[in-house]
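Subject: Structure handover

Hello,

Here is the structure I said I would pass on. Please open it beside this email and follow along.

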Amino acid sequence: MSDNTLNNLPGGFKGMAHDMGSDQTAFKGVQWGKFMMWIFLLSDTFIFSCFLISYMKGRSSTVVDWPNTSEVFSLHVGSVPVPLLLIAIMTFVLITSSGTMALAVKFGYEKNRKMCAWLVLATAIGGLTFVGMQIFEWSKLIHEGVRPWSNPFGAKQFGSFFFMITGFHGVHVSIGVIFLFIFARKTFRGDFDTGKRGFFTSQKSDYVAIEILGLYWHFVDLVWVFIFAFFYLW
Amino acid sequence: MDETQNKEQSASTHKIGIYLWIWGLLFVLSFFSYMVDWFAFQGLLRWGLILFFMFLKAGLIMAFFMHLFWERYALVNVLLWPMTAIACFIILMAAEAEYTVFTRALYFFTGG
């Protein structure tokens, strides 16, 4: 769908009625791959919501005190314990990588191959740093005796929710990092400029792929915003 | 490159300033939400501030980084209305949790 006609369509809610009632394409100007990614993210939202809601239910229905997260996740700087330090750094690392991804998408659409590729690579390295810190956090807690069935700090449910929620998020980040490295390579090689057919999909490469990858990456950051608020801060 | 392609491109590209602003705001908001823990606010103030910063951050990421602000309403509505189902689920489970903790307190401590 060319933008020429897109600009001539009604906008807002009137536009929605027009799009939904139109022939063939309901989502005007949205490439199919991008829409499919949105549908995937919607389903993923439900999965993470189920985890966080079961955590809410578990935490508010236990009669034993919940572990104090700001002490459990504190790091010692010298001999002073700083509450939630590692988690705060992880949050900043993930937001940094989200910002570089947003810029990569922008430069991708401007067909600025070099900038786009470097920014995708920077995003991948940010994600890798995040996963590294999460491994450190997990091993620290496991050493302190946190298990899915018990822990020395309080309510027994804490461990299972912690490993399940951060683990599932960590897997998302890891998969994202793998794809970011692959797409950094593809961008550097110029696949998106030449329209080279993909090895797996045999579709013509296009910079819209960078935006689709960006949607996934921003979603991973979005989920972390909720985990940070509900699991670590609450 | 013909004219249609040119126009399609300009529609998807936004000034770099807006991304940098949102990026900066996300840093500031994350810093503030960390400060909520640092100053050890308690009770309603704590929960209110956590939720406020959380929704602001989530909104900024979705609207600008994920480009929803620039998408057509047909897509935005398809993506956001299902969230009401999640809200219903939260309310149901909160009620269920209250019942569970009540029965646990009753049977664990008083023996029923």
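What follows goes through confidence, overall layout, the packing around one helix, and the interface.

The model is predicted, with an ipTM of 0.88 and a pTM of 0.90. For chain B the mean pLDDT is 86, and 88% of its residues reach 70 or more. Within chain B, helix 3 (residues 43-65) has the highest confidence, at a mean of 94, and helix 1 (residues 3-12) the lowest, at 45. Residues 1-11 of chain B stay under a pLDDT of 50, and the model has ten contacts beyond four places in sequence for them. Where pLDDT is low, the predicted coordinates should not be read in detail.

Now to chain A. It has nine helices and two strands, and from the N terminus the order is α-α-α-α-β-β-α-α-α-α-α. Its C-alpha atoms fill a box of roughly 60 × 40 × 30 Å along the principal axes. The chain is divided into domain 1 (1-30) and domain 2 (32-233), and the centres of these two domains of chain A are 33 Å apart, taken over C-alpha atoms.

Helix 9 (residues 208-233) of chain A is a useful place to start, and three of its packing partners are described here.

The partner to take up now is helix 3 (residues 32-60) of chain A, which packs against helix 9 of chain A at an angle of about 15°, with the axes 10 Å apart. Angles under 35 degrees count as roughly parallel, so helix 3 of chain A is roughly parallel to helix 9 of chain A. The crossing is right-handed. Residues in this contact include A:Trp38, A:Leu41 and A:Phe48 from helix 3 of chain A, and A:Leu215, A:Phe219 and A:Phe226 from helix 9 of chain A. By class, the residues of this contact are 15 nonpolar, one polar and three charged.

Next is helix 5 (residues 85-109) of chain A. Its axis comes within 9 Å of that of helix 9 of chain A, and the two cross at roughly 160°. Angles over 145 degrees count as roughly antiparallel, so helix 5 of chain A is roughly antiparallel to helix 9 of chain A. Here the crossing is left-handed. Among the contact residues are A:Ser98, A:Met101 and A:Ala102 of helix 5 of chain A, and A:Gly214, A:Trp217 and A:Asp221 of helix 9 of chain A. The contact has twelve nonpolar, five polar and two charged residues.

Then there is helix 7 (residues 157-189) of chain A. The axes of helix 7 and helix 9 of chain A come within 10 Å and cross at roughly 155°, and the two helices are therefore roughly antiparallel to each other. This crossing is left-handed. The contact includes A:His169, A:Val173 and A:Phe179 of helix 7 of chain A, and A:Leu213, A:Val220 and A:Ile227 of helix 9 of chain A. Its residues divide into 15 nonpolar, four polar and no charged.

Last, the interface. How many residues of chain A are in contact with chain B? There are 46, and they meet 45 residues of chain B. Helix 1 (3-6), helix 2 (12-20), helix 3, helix 5 and helix 9 of chain A each give two or more residues to this side of chain A. The largest share, ten residues, comes from helix 5 of chain A. By class, the side of chain A that touches chain B has 26 nonpolar, 13 polar and seven charged residues.

Regards

Definitions and conventions:
Residues are numbered from 1 along each chain as its sequence is written. Chains are lettered from A and ligands numbered from 1 in the order in which they are written. This is a predicted model: local features need pLDDT of at least 70, side-chain atom pairs count only at pLDDT 80 or more; totals for chains, interfaces and linings use all residues. Domain bounds come from an automatic or database domain assignment. Axes are lines fitted to C-alpha atoms, for helices over the stretch in contact, and angles run from 0 to 180 degrees between N-to-C directions. Helices (H or I, at least four residues) and strands (E, at least two) are DSSP runs, numbered from the N terminus. Angles under 35 degrees count as roughly parallel, over 145 as roughly antiparallel, 65 to 115 as roughly perpendicular and the rest as oblique. A crossing is left-handed if the near helix is turned anticlockwise from the far one by less than a right angle, and right-handed if clockwise. Two residues are in contact if their C-beta atoms, placed from the backbone, lie within 7 Å. Ala, Val, Leu, Ile, Met, Phe, Trp, Tyr, Cys and Pro count as nonpolar, Asp, Glu, Lys and Arg as charged, and the others, Gly among them, as polar. pLDDT is the predictor's confidence in each residue, from 0 to 100.
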